[in-house]
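Hi there,

Here is the structure I promised to pass on. Have a look at it first, and my notes on what turned up are underneath.

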Amino acid sequence: MRETKIGLGPEDRTQRDLREAATGEAQVADSRSSAPAVGRGSGVEGGPQRGDPIGRFVVLGVLGVGGMGVVYSAYDPHLDRKVAIKVLTAEAASASADAHTRLLREAQAMAKIHHPNVIVVHEVGMLGDQVYVAMEFADGGTLREWLTAKKHGQDEILGVFAQAG
């Protein structure tokens with residue numbers, strides 16, 4: 001069969017590449033060694049590791065760990081983009097009977113809002129017994145990093161905090 005190249009994003013992909021991305025099989029194997037590392041890269045004990053799938057997404061690394069869950073950077077092979085995935089931890093789910101519902105409500109609320117300061121939700125799903133939310137990857141750094149990078153005036157700080165809500 002003749003493979004024709006079609007343009008998708010920064011790299012041309014062949015039809016074979018697209019079929020592999022649709023099934024996820026070759027993409028997961030390739031992502032373990034060729035996907036760019038983002039975040040700390042080391043997984044959370046018992047959680048997904050670099051190269052593991054979460055739904056259709058491929059884990060690249062850990063971005064952060066919080067009280068309710070872990071946020072991973074991941075790759076969406078269907079749309080050739082990087083995403084962030086928040087996974088509710090088993091500990092949070094067992095500690096609070098409504099943690100699952102709260103994360104779903106959070107995702108539903110975010111999905112209804114179209115604002116430059118609100119991340120876009122792409123998908124909600126299950127990873128075993130854990131809820132995950134796949135969302136836009138925003139590589140803008142943290143508020144703490146912004147505050148400590150240089151001295152800011154009070155008006156500038158208040159302006160940024162007001163934007164954050």
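**Salt bridges and helix 4**

Let me start with Arg56 and Asp76, whose side chains form a salt bridge with N and O 2.8 Å apart. Please keep in mind that this is a predicted model. Arg56 sits in the loop between strand 3 (53–54) and strand 4 (57–65), while Asp76 belongs to strand 5 (residues 69–76), so the bridge ties together parts that are 20 residues apart in sequence. The two partners have quite distinct surroundings: Arg56 is partly exposed, at a relative accessible area of 27%, whereas Asp76 is buried, at 0%.

Which residues join this pair in a network? Arg56 and Asp76 are linked with Arg81 and Glu123 in a network of salt bridges. The count of salt bridges comes to five.

Two further bridges bring us towards helix 4. In one, Glu106 pairs with Lys86, and their closest N and O atoms are 3.1 Å apart. This pair also links distant parts of the chain, since Glu106 is in helix 4 (residues 99–112) and Lys86 is in strand 6 (residues 81–88), 20 residues apart. Glu106 is partly exposed, with a relative accessible area of 31%. In the other, Asp98 meets Arg102, with 3.8 Å between the closest N and O atoms. Here Asp98 is partly exposed at 39% relative accessibility, and Arg102 is partly exposed at 39% too.

Now for helix 4 itself. With 14 residues, helix 4 reaches 20 Å from its first C-alpha to its last, close to the 20 Å expected at 1.5 Å a residue.

Which residues of helix 4 are buried? They are Ala99, Leu103, Ala107 and Met110. These residues cover an arc of only 80 degrees around the axis, so they lie on the same side of helix 4. The spacing fits the general rule: an α-helix has 3.6 residues a turn, so residues three or four places apart point the same way.

And what do the buried residues of helix 4 pack against? Their partners are strand 6, helix 3 (90–95), strand 7 (121–127) and strand 8 (130–136). Strand 6 is thus worth a second look in the viewer, as it also holds Lys86, the partner of Glu106. On the face of helix 4 turned away from its buried side you will find the exposed residues Arg105 and Lys112.

Happy viewing, and best wishes!

Conventions
Residues numbered from 1 in each chain as written. Predicted model: local features only at pLDDT ≥ 70, side-chain atom pairs only at ≥ 80, totals over all residues. Heavy atoms only, no water. Salt bridge = Lys/Arg side-chain N within 4 Å of Asp/Glu carboxyl O. Helix = DSSP H or I, 4+ residues; strand = E, 2+ residues; numbered from the N terminus. Buried < 20%, exposed > 50% of the residue type's maximum accessible area, 1.4 Å probe, protein only. Expected span 1.5 Å × (residues − 1). Arc of directions from axis to C-beta. Contact = heavy atoms within 4.5 Å.
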